[in-house]
Amino acid sequence: MLDMKRREFITLLGGAAAAWPLAGRAQQGERMRRIGVLMTLAADDPEGQARLRAFVQRLQELGWTDGHNVRFDYRWPAGDAERIRKYAAELVALAPDVILAGGGEVVPSLLQATRTVPIVFTQTPDPVGAGFVDSLARPGGNATGFTLYEYGISPKWLELLKEIAPRVTRAAVIRDATIASGIGQWGAIQTAAPSFGVDDQPPLSGPGAMLV
């Protein structure tokens with residue numbers, strides 16, 4: 001499972017690195033760029049270190065070498081909310097060219113600290129529902145990145161339910177309110193419900209996410 005997550009993370013960060021403005025680099029020559037990195041994990045976390053190695057390696061493949069034309073500033077709050085706020089402010093004060101947010105938990109503090117420094121987030125369940133971006137198609141603002149879910153498949157639950165029981169006209173959604181991804185799933189279900197002739201009921205508090 002860790003190997004699979006690691007490969008997925010390498011793929012995602014590779015995409016972020018590839019999006020780096022090469023034209024700007026050509027115009028600026030070898031000016032030292034600065035990248036702030038705010039992770040959610042502790043500095044000695046093996047998976048966190050593996051993710052950063054993949055990120056740095058991919059940047060090297062694209063011509064960005066640590067100490068030559070790019071400098072990294074790392075912060076590891078180990079999930080502590082106070083440290084996240086502190087480190088977010090510290091990184092912004094360093095005036096980086098871009099900040100990598102290694103998890104949705106650190107994005108709110110970064111957005112509170114700056115609305116101008118570009119932020120690229122990873123592993124974020126629902127960036128639209130959380131208010132990090134305006135929409136997936138047009139993020140707006142200074143934040144963009146990768147989400148963990150494709151909420152477009154959520155209406156498939158309704159479609160399958162109608163195939164199994166065509167006469168169903170009312171469906172209730174039971175979800176765990178502590179899971180952020182449920183907001184996006186519920187929104188997608190609400191939007192699709194009329195097309196299936198289903199009256200969708202408000203979510204009920206409970207573990208998991210399912211249709212009944």
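The protein has seven helices and eight strands, where helices (H or I, at least four residues) and strands (E, at least two) are DSSP runs numbered from the N terminus. Bear in mind that this is a predicted model: local features need pLDDT of at least 70 and side-chain atom pairs count only at pLDDT 80 or more, while totals for chains, interfaces and linings use all residues. Residues are numbered from 1 along each chain as its sequence is written, and side-chain values use heavy atoms, with hydrogens and water left out.

Some overall numbers to start with. Of the 212 residues, 39% count as buried; buried means under 20% relative accessible area, exposed over 50%, and partly exposed in between (1.4 Å probe, protein chains only). Take the contacts (heavy atoms within 4.5 Å) with a separation of 6 or more: residues 24 or more positions apart account for 65% of them.

**Helix α4**

Let's go to helix α4, which covers residues 81-93. The expected span of a helix is 1.5 Å times one less than its number of residues. For the 13 residues of α4 that gives 18 Å, and the end C-alpha atoms sit 19 Å apart, which agrees. At the start of the helix, a side-chain oxygen of Asp80 comes to within 3.2 Å of the backbone nitrogen of Glu82. That is a polar contact, meaning a pair of N or O atoms within 3.5 Å; within protein, one must be able to donate a hydrogen and the other to accept it, and residues adjacent in sequence count only if both atoms are side-chain atoms. After the helix comes Ala95, with a positive phi near 55 degrees.

Which residues of α4 are buried? They are Ile84, Tyr87, Ala88, Leu91 and Val92. Looking down the axis, these buried residues fall within an arc of 135 degrees, so they line one face of the helix; the arc is that of the directions from the helix axis to the C-beta atoms. Their cover includes β1, β2, β3 and α5.

**The cores**

A nonpolar core here is a set of buried Ala, Val, Leu, Ile, Met, Phe, Trp, Tyr and Cys residues joined through side-chain atoms within 4.5 Å. The largest one has 18 residues, and Leu38, Ala101, Leu110 and Phe121 have the most contacts inside it. Elements giving two or more residues to this core are α4, β3 (98-102), α5 (107-113) and β4 (119-124). The largest share, five residues, comes from α4. Apart from this core lies another, of 14 residues, among them Met39, Trp64, Val98 and Leu100.

Back to Phe121 for a moment. Leaving aside neighbours within four places in sequence, Phe121 touches residues including Ala101, Val107, Pro127, Phe132 and Phe146.

**Salt bridges**

Side chains of opposite charge can pair when their charged atoms come close. A search of the whole structure turns up nine salt bridges, each being a side-chain nitrogen of Lys or Arg within 4 Å of a carboxyl oxygen of Asp or Glu. Here are three of them.

| Pair | Closest N to O |
|---|---|
| Asp73 and Arg34 | 2.6 Å |
| Glu47 and Arg51 | 3.7 Å |
| Arg85 and Glu82 | 2.8 Å |

The bridge between Asp73 and Arg34 links distant parts of the chain: Asp73 is in strand β2 (residues 70-75) and Arg34 in strand β1 (residues 33-39), 39 residues apart. Asp73 counts as buried because its relative accessibility is 8%.

Glu47 and Arg51 both belong to helix α3 (residues 46-61), four residues apart, about one turn of the helix. Glu47 is buried at a relative accessible area of 10%, and Arg51 counts as buried at 11%.

Arg85 and Glu82 are three residues apart in α4, so about one helical turn separates them. Arg85 counts as partly exposed, at 42% relative accessibility. Elsewhere, salt bridges that share partners join Arg31, Arg33 and Asp97 into one network.

**Helix α6 and Met32**

In helix α6 (residues 155-164), Pro155, Leu158 and Lys162 are buried. They cover an arc of only 55 degrees around the axis, which puts them on the same side of α6. On the other side, Glu163 and Ile164 are exposed.

Met32 lies in the loop between α2 (22-28) and β1. Is Met32 buried or partly exposed? Met32 is partly exposed, since its relative accessible area is 38%. Leaving aside neighbours within four places in sequence, Met32 is in contact with Gly67, His68, Asn69, Val70, Arg71 and Asp97.
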